[in-house]
Amino acid sequence: MINVSEAAQEHFRRLLAGQEDADTGIRVFVVNPGTAHAECGVSYCPPDAVEENDTELKFDGFSAFIDEESAPYLEEAEIDYQKEATGGQLTLKAPNAKARKVADDAPAVDRIRYYLEAEINPELANHGGQVTLTEFTDDGIVVLQFGGGCQGCGMADVTLKEGIEKTLKERIPEVKGVKDVTEHAAGENPYY
């Protein structure tokens, strides 16, 4: 479920050695899972905080606990620790935190939503934008609505064809094309 690097395991063992209760582990969780506002975290997990439905992952010297709600959003997650001259940096990458991973044989509309939330919207968010699915037509056309910084952006057509359409067609064979129904003239983007 979660890949914890040797460096991160060593870091956790060092931190946990300072805890009063020797049985304290760590908790890995997602706040607001499955949304654009999902955030991942790691905290101490004393024995009295372990829930009945938690998943326990055993490592050398400690256990990691994951709550039932967070578990599907932490599929393929990775925790690493990089030592630096001024200390270190713990990183947690959870590619499925914003959208629950779907099976390869899930309905096309579910796979489209997954890729929009897991891959495309995080990239668009770097520019203050997002895109939402309004329809998936019987003839394989993904109908999208841009928002935020993408509405009114002069590069929306390029993003649509070279980024979104290309990605969706590569990953979902049922997708034949994409269509933008955004009223870009109503946007406030200064680059339009």
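**A few notes on this structure**

1. A good place to start is helix α2, which bends by about 40 degrees at Leu 116. Bear in mind as you look that this is a predicted model. The helix has 18 residues and runs 24 Å from its first C-alpha to its last, close to the 26 Å expected at 1.5 Å a residue.

2. Which residues of α2 are buried? Ala 108, Arg 111, Ile 112, Tyr 114, Tyr 115, Leu 116, Ala 118, Ile 120, Asn 121 and Leu 124 are. So Leu 116, where the helix bends, is itself among the buried residues. As for partners, the buried residues of α2 pack against β8, β9 and α3.

3. Helix α3 covers residues 156-171 and has 16 residues. From first C-alpha to last it reaches 21 Å, close to the 22 Å expected at 1.5 Å a residue. This helix has a kink too, of about 30 degrees, centred on Glu 165.

4. Now for the inward side of α3. Its buried residues are Ala 156, Leu 160, Ile 164, Glu 165, Thr 167 and Leu 168, and Glu 165 is also the centre of the kink. The cover over these buried residues includes α2 (108-125), β8 (129-136), β9 (141-148) and β10 (177-180).

5. Just ahead of α3 there are two cysteines to look at. UniProt, in an unreviewed entry, lists Cys 150 and Cys 153 under "binding site". Cys 150 lies in the loop between β9 and α3, and Cys 153 is placed in the loop between β9 and α3 as well. Are they buried or exposed? Cys 150 is buried, with a relative accessible area of 9%. Cys 153 has a relative accessible area of 19% and is buried too, because the cut-off for buried is under 20%.

6. The same UniProt record, again as an unreviewed entry, puts the feature "domain: NIF system FeS cluster assembly NifU C-terminal" at residues 112-178. In the model that span is 45% helix and 27% strand, and its end C-alpha atoms lie 11 Å apart.

7. On to the nonpolar cores. The largest has 22 residues, and Ile 2 and Leu 74 have the most contacts inside it. Two or more residues come from each of β1 (2-4), α1 (6-17), β2 (25-31), β4 (55-59), β5 (62-66) and β6 (77-84). Apart from this core lies another, of 21 residues, among them Tyr 114, Ile 120, Val 131 and Ile 172. Tyr 114 and Ile 120 are also on the list of buried residues in α2.

8. Leu 74 deserves a click of its own. What does Leu 74 touch, leaving aside neighbours within four places in sequence? Its contacts are Met 1, Ile 2, Val 28, Phe 29, Val 30, Cys 40, Ile 66 and Ala 94.

9. How many aromatic pairs does a search of the whole structure find? The search turns up three. Phe 59 and Phe 62 are stacked, at 5.2 Å centre to centre with 20 degrees between the planes, and both are buried. Tyr 114 and Tyr 115 form an edge-to-face pair, at 5.2 Å centre to centre with 70 degrees between the planes; both of these are buried as well. Ring pairs also link Phe 12, Phe 59 and Phe 62 into a cluster.

10. Two residues have backbone angles you may want to look at. Asn 32 has a positive phi of about 55 degrees although it is not a glycine. Asn 32 sits in the loop between β2 and β3 (39-45) and counts as partly exposed at 43% relative accessibility. Glu 76, another residue other than glycine, has a positive phi near 65 degrees. Glu 76 is in the loop between β5 and β6 and is partly exposed at 45% relative accessibility.

11. Last stop, Asp 23, in the loop between α1 and β2. Asp 23 is exposed, with a relative accessible area of 60%. Not counting residues up to four places away in sequence, Asp 23 touches Cys 45 and Pro 47. Asp 23 and Cys 40, on the other hand, are 17 residues apart in sequence and 23 Å apart in space, C-alpha to C-alpha.

Definitions and conventions
Residues are numbered from 1 along each chain as its sequence is written. This is a predicted model: local features need pLDDT of at least 70, side-chain atom pairs count only at pLDDT 80 or more; totals for chains, interfaces and linings use all residues. Side-chain values use heavy atoms; hydrogens and water are left out. Helices (H or I, at least four residues) and strands (E, at least two) are DSSP runs, numbered from the N terminus. The expected span of a helix is 1.5 Å times one less than its number of residues. The bend at a residue is the angle between axes fitted to the seven residues ending there and the seven starting there. Buried means under 20% relative accessible area, exposed over 50%, partly exposed in between (1.4 Å probe, protein chains only). Contact means heavy atoms within 4.5 Å. A nonpolar core is a set of buried Ala, Val, Leu, Ile, Met, Phe, Trp, Tyr and Cys residues joined through side-chain atoms within 4.5 Å. UniProt positions are given in the numbering used here, feature names are shortened, and annotations may be inferred rather than shown by experiment. Rings of Phe, Tyr and Trp (its six-membered ring) pair if their centres lie within 6.5 Å; planes under 30 degrees apart count as stacked, over 60 as edge-to-face and the rest as tilted.
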